[in-house]
Every structure is written in C-alpha cells, then in structure tokens.
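This report describes one protein chain for a reader who has not seen it before. Please keep the sequence and the structure in view while reading.

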Amino acid sequence: GNDWDEGDQYLQLSNREEDLLGMLCDNFDKVVVVINTNNTIEPGFLKEYDVDAAIYAPCPGQNGFDAVAKVLSGEVNPSGRTVDTWLYDLMSTPASNNFGDFRYDNMDEFGYGAINSKISEDLSVPHFVNYVEGIYVGYKCWETADAEGLIDYEASVAYPFGYGLSYTTFTQEMSELQTDGDTIRFDVTVTNTGSAAGKDVVEVYYNSPYTNGGIEKATANLIAFDKTDVLQPGESQTLTIEFAAEDMASYDMSGEGGYVLESGEYVISINRNSHEVIDSDTYTVDEEIDYSSGRTSDQTPAENRFAFAEGDVTYLSRADGFAN
C-alpha cells in the first residue's frame, strides 16, 4: 500500500508505523517506543500517541538489544544523553536552505561519461553544497536563536542536546570558580535524591560576550562534561571540572583569521542539557587575547587556508537578531 502521504519525508513515521503505534496504544496500558535509527527523526509522534517512554538505541549491532532489555527491566538505570537536537520539523533547520542540485559549470573534464574528451549528453559532473549556516548547527543554532527571540523554543525543539532521563533524580551543586589565569577549575557535588541507584552527567557550557556584528558566537557551548559513579539513594559524589580559558576563544574568520578571547564576562554554567541551566558563575577577561600565533593546545596556529575559494557567499549571521 501507500506508505507515505503527499509531502511526507522519510524522517517522519510511515503510515504503517503510525498504524502499528496506534494499534499498540489502543490495546496496551504501557507502551515504550525503542527508536533504532542512525539519525535523529521527527519525534512529535511520542506526544501525539499515548506513549509512556522512549529509548533511543542507535546502531545496536549484535549485542545492543541485550543492553536495551536490561534498561527496560530496570536492571540497569540509563544515564545516556542525546548527542544532537531533536526537532519537531527537521526542515526548519538553517541547513535545509542549502539543500539542492548544484553542479559545477566548469568541471566537464571530470564528469562521468566523458570519454576521449568527448562530452556525452548524459554527463554527470561533480556537485557542491555551500554550507552557509556557518557555526549555527545543532544546539548552537537553536539555543542562540532562542536567546535572540527568533523562535518559539518549546514549539521547535522536542529534546535538546544533552537530554536524558533516569529512574531516579539528582541535584547538582556548583562551587565558585577558581583560576590561575590559564586554567578554570570548580567542583560539582552530585547527590542522588531518588529511590534507585544510578549515574548522573555533569554538563558544562559557556556563553561568550557578543558584540552585534562582531565575531560569530553561540550562546551555549559545551566545554566539559563528566559522569558520576553509580550512586545509591542519598549518596553524593564531588566531580572536579577543569578546562583551559583559551578553549573559550572564538575563531575570527575576518582578515587572516585566528582565535580571539575577547574581553568581557563569560558565563560558565552547569546544565541538565543545552537549554536548562542549573547554576552558573562568571569568568571575566579584562583584556582581549589574540591567539593568531597559536594557543597552547594548537600544534599549528589556525588560519584561513581557503579564502581564495570563498566566492560570492553570504553566511548566516547573528547580527541584528539573525536579520539575514
């Protein structure tokens, strides 16, 4: 039969999947959906149907579903996190504006079907894509767009980057920042406040000072993370978070390029995910630091190596609230 309705795309449920899910929800008290995909799909169906829970189990291979069974039975308490942003409408991403059939018009000599320099009518030449979304990919796009008031976040994002549930609950407490000018360090005390043993994840993000029309920057940037041991109900563990201040530098693609740590206040936070802040502190950079000669972690200083190939391309910019 017809597995798709007009206008559907393959990252939505097919008609057969919708019928199956509807039948299950009509006939069973508890329904858990296991999503076995290599890519994010549109998960709005989890709220449209009477679904109790969902487990994302990508690429399970030969033994992966043994682990899924242990999670479903409660033998193992899940502690994974999403590694991408799950959207209700994947065609709403800035990258979708780049989709298309773009062929080079000066590449016939490299085309499939070119024999003895004779160009055939069915010549297939190399294609290209201009990735004009720049740095605004995944959670960096959606968190920044939300901060700029460009979107209705709750209506756009089903599950943010770094999202994950547990059979228990946790609290996280952040100490004050300590720094020697090069390294930033602080502690996070995690306490299991629920009734089941489990692990929790500490996610650390920073938000850089941004000047309208200046270096492109996202409002949320994952810079460190760690996971606790298995904590029994009521048990606590303190994790020490440490990272280099220079890792918060932003790449300035103007001119010759290079990393720059601009002056101003950098908000460092511990989050439940890319969107939900638990606590935060501020790190202040008094004077701008130019890393055009390289950072400590750089084997080779970063520079613009393909400026000659830029062409007539306009990149997505945060300027004036993503005016372009």
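Tyr283 is in contact (heavy atoms within 4.5 Å) with Leu177, Thr179, Gly181, Ile184, Ala245, Met248, Gly264, Glu265, Tyr266 and Ile268, leaving out residues up to four places away in sequence. The model is a predicted one, in which local features need pLDDT of at least 70, side-chain atom pairs count only at pLDDT 80 or more, and totals for chains, interfaces and linings use all residues. Residues are numbered from 1 along each chain as its sequence is written, and side-chain values use heavy atoms, with hydrogens and water left out.

**Nonpolar cores**

Tyr283 is also one of the residues that touch the most other members of the largest nonpolar core, along with Phe186, Val204, Phe243, Met248 and Ile268; this core has 26 residues. Two or more core residues come from each of β5 (170-174), β7 (183-192), β8 (201-207), β9 (221-227), β10 (236-244), β13 and β14. The largest share, 4 residues, is that of β7. A second, separate core holds 24 residues, among them Leu21, Ile41, Trp86 and Leu87.

A nonpolar core here is a set of buried Ala, Val, Leu, Ile, Met, Phe, Trp, Tyr and Cys residues joined through side-chain atoms within 4.5 Å. Buried means under 20% relative accessible area, exposed means over 50%, and partly exposed lies in between, with a 1.4 Å probe and protein chains only. In soluble globular proteins, nonpolar side chains tend to be buried together.

**The chain as a whole**

The protein chain has 6 helices and 15 strands. Helices (H or I, at least four residues) and strands (E, at least two) are DSSP runs, numbered from the N terminus. The C-alpha trace spans about 70 × 65 × 40 Å along its principal axes. Of the 324 residues in the chain, 36% are buried. Among contacts with a separation of 6 or more, 64% join residues 24 or more positions apart.

**Two helices**

Helix α1 (residues 15-27) has 13 residues and reaches 18 Å from its first C-alpha to its last, close to the 18 Å expected at 1.5 Å a residue. That expected span is 1.5 Å times one less than the number of residues. The buried residues of α1 are Asn15, Leu21, Gly22 and Cys25. They are on the same side of the helix, because they cover an arc of only 125° around the axis. The arc is taken from the directions between the helix axis and the C-beta atoms. These buried residues pack against β1 (32-35) and α2 (45-48), whereas the face turned away from the buried side carries the exposed residues Arg16, Asp19 and Asn27.

In helix α4 (residues 139-147), the buried residues are Tyr139, Cys141, Trp142, Glu143, Thr144 and Ala145. Their cover includes β3 (86-87), α5 (153-156), β4 (157-159), β8, β9 and α6. Just after α4, Gly149 takes a positive phi of about 75°.

**Four loop residues**

The table gives the loop and the relative accessible area of four residues.

| Residue | Loop between | Relative accessible area |
|---|---|---|
| Asn273 | β13 (264-271) and β14 (277-285) | 1%, buried |
| Arg318 | β15 (289-290) and α6 (319-322) | 8%, buried |
| Ala197 | β7 and β8 | 27%, partly exposed |
| Ser92 | β3 and α4 | 36%, partly exposed |

The contacts named next leave out neighbours within four places in sequence for Asn273, which touches Pro160, Phe161, Gly162, Tyr163, Glu203 and Tyr205. A polar atom of the Asn273 side chain lies 2.9 Å from the backbone nitrogen of His275.

Arg318, not counting residues up to four places away, touches Tyr136, Thr144, Glu148, Tyr210, Asn212, Glu216, Lys217, Ala218 and Thr219.

With the neighbours up to four places away again set aside, Ala197 touches Asn77, Asn192, Val230, Leu231, Gln232 and Pro233. Ala197 and Gln299 are 102 residues apart in sequence and 43 Å apart in space, C-alpha to C-alpha.

Ser92 touches Leu87 and Trp142, not counting residues up to four places away in sequence. A polar atom of its side chain lies 2.5 Å from the backbone oxygen of Asp89. The C-alpha atoms of Ser92 and Tyr291 are separated by 35 Å, and the two residues are 199 residues apart along the chain.

Note on methods: A polar contact is a pair of N or O atoms within 3.5 Å; within protein, one must be able to donate a hydrogen and the other to accept it, and residues adjacent in sequence count only if both atoms are side-chain atoms.
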